[in-house]
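Please look over the sequence and the model shown here before reading on. The report that follows begins with a single residue, then turns to the chain as a whole and to its aromatic rings.

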Amino acid sequence: MVVVVEQNSSEKLIEGIIKVLNDFGFDVHRSTGMNQTVLGAIGVQPDFDLRQLEVLPGVAHVYRITEPYKLASRSFHPEPSRYQIGGTVIGGDAIVVMAGPCSVESEKQIFAIAECVAKSGATFLRGGAYKPRSSPYAFQGLGVEGLRLLRRAADAFGLKTVTEVMDSSQIESALEFADIIQVGARNMQNYTFLRELGKIQTPVMLKRGLAATFEEWLMSAEYILSGGNKHVMLCERGIRTFEPSTRNTMDIGAIPMIHSRSHLPIIADPSHGIGIRTKVMPMARAAVAAGADGIIVEVHNDPDHAKSDGAQSLFPEQFTEMMGQLSAIASVIGRTIA
Ligand code: PEP
Ligand code: MN
């Protein structure tokens, strides 16, 4: 940590700051120039609250030089993490495509969609059985029956499953049916839930919170990793900004930024990222070009009658077209579509 002292501070003030740092247990290295002093403090614990120093008289700025997250950081684990799930590797050269409806609605619907997305090259079937809806009156998902249908449809077409779990009480049933458990954006900072997910070994896809910084997102991943579940991947799904014409603002920059800070694979969700069907494909292309390790996209056989997120769901033909485009872009950057 670096503590920049206000210019022209008295020796007494500087010594006072050094004493506080020593009392906190830090080793202090002082550099003094013309009228500027900078203090290097070694031995800062990840949970140290920088504001305790920022409020001291004479302190101009305090900067952390090591990240507060450890297990999620690149410095701790320089190589990208790779997880083998069935025959598919996430985080390798091949980009994984997860596709399916927002919600599992019926046997007929999920089987029809599973067939289309499998044919076009998806490896995972997505579909929510527990839905985080803004309105309590909106369709909330089929629950365990939805999980069962998702699994059966996936197995029928050689796919793996990814599905959202909204709280700890749903984990046990999901373990039976899910290859990846999705934590939704609204739950990214539900720390008791994240701790429970740390106790299982099923891979977890942690979506970025609606207004979460990279650090907050990686700290949430740290909750799961520190509990003992080493299979965490992140998902950029758009953030809330001042722009009202798209559902969210998809932060493509998060993909290379997270890759430089963390070894965890990052999946992109262009469906929630922009929220408009005709704009999903360009966002998916951008995400692959930016280095995403996977794409999760909503596809529906009858989006006009979907029970949730029809307006951002691709028609099966659009999904097929998108797959062709993604594989062309992947080859430019030396990758393939899994
Ligand atoms: C979803 O995947 O359908 C979903 C609800 O996602 P998010 O948590 O990103 O809103
Ligand atoms: Mn959705």
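## A glycine, the chain and its aromatic rings

Gly 273 has its place in helix H9, which covers residues 270-274. The model is a predicted one, and in it Gly 273 has a relative accessibility of 0%, so this glycine counts as buried. When neighbours within four places in sequence are left aside, the residues in contact with Gly 273 are Arg 237, Gly 238, Asn 248, Thr 249 and Met 250. Gly 40 lies 233 residues from Gly 273 in sequence, and the two are 41 Å apart in space, C-alpha to C-alpha.

The chain holds 11 helices and 15 strands, and its C-alpha atoms fill a box of roughly 75 × 45 × 40 Å along the principal axes. Of the 338 residues, 51% are buried, while the chain exposes about 14,800 Å², of which carbon and sulfur atoms supply 54%. Among contacts with a separation of 6 or more, residues 24 or more positions apart account for 68%. The chain carries 32 positive and 36 negative charges, and the mean positions of these two sets are 2 Å apart.

The count of aromatic pairs comes to five. One of them joins Phe 26 and Phe 48, whose ring centres are 5.1 Å apart and whose planes stand at 85 degrees, so the pair is edge-to-face. This pair links distant parts of the chain, 22 residues apart: Phe 26 is in the loop between helix H1 (11-23) and strand S2 (27-32), and Phe 48 is in the loop between strand S3 (37-42) and helix H2 (51-54). Both Phe 26 and Phe 48 are buried.

In the pair of Tyr 191 and Tyr 223, the ring centres are 4.5 Å apart and the planes are at 20 degrees, so the pair is stacked. It too links distant parts of the chain, with Tyr 191 in helix H6 (residues 191-197) and Tyr 223 in helix H7 (residues 214-227), 32 residues apart. Tyr 191 counts as partly exposed because its relative accessibility is 33%, and Tyr 223, at 26%, likewise counts as partly exposed.

Phe 26 and Phe 48 also belong, together with Phe 24, to one aromatic cluster.

Charged side-chain ends that sit over aromatic rings are set out below.

| Charged residue | Ring | Distance from charged end to ring centre |
|---|---|---|
| Lys 160 | Phe 124 | 5.9 Å |
| Lys 307 | Phe 139 | 5.0 Å |

Conventions. Residues are numbered from 1 along each chain as its sequence is written. Chains are lettered from A and ligands numbered from 1 in the order in which they are written. This is a predicted model: local features need pLDDT of at least 70, side-chain atom pairs count only at pLDDT 80 or more; totals for chains, interfaces and linings use all residues. Side-chain values use heavy atoms; hydrogens and water are left out. Helices (H or I, at least four residues) and strands (E, at least two) are DSSP runs, numbered from the N terminus. Buried means under 20% relative accessible area, exposed over 50%, partly exposed in between (1.4 Å probe, protein chains only). Contact means heavy atoms within 4.5 Å. Accessible areas come from the Shrake-Rupley method with a 1.4 Å probe; for residues, only the protein chains shown count as cover. Lys and Arg count as positive and Asp and Glu as negative; His and the chain ends are not counted. The place of a charge is taken as NZ of Lys, CZ of Arg, CG of Asp or CD of Glu. Rings of Phe, Tyr and Trp (its six-membered ring) pair if their centres lie within 6.5 Å; planes under 30 degrees apart count as stacked, over 60 as edge-to-face and the rest as tilted. A charge sits over a ring if NZ of Lys or CZ of Arg is within 6 Å of the ring centre and within 35 degrees of the ring normal.
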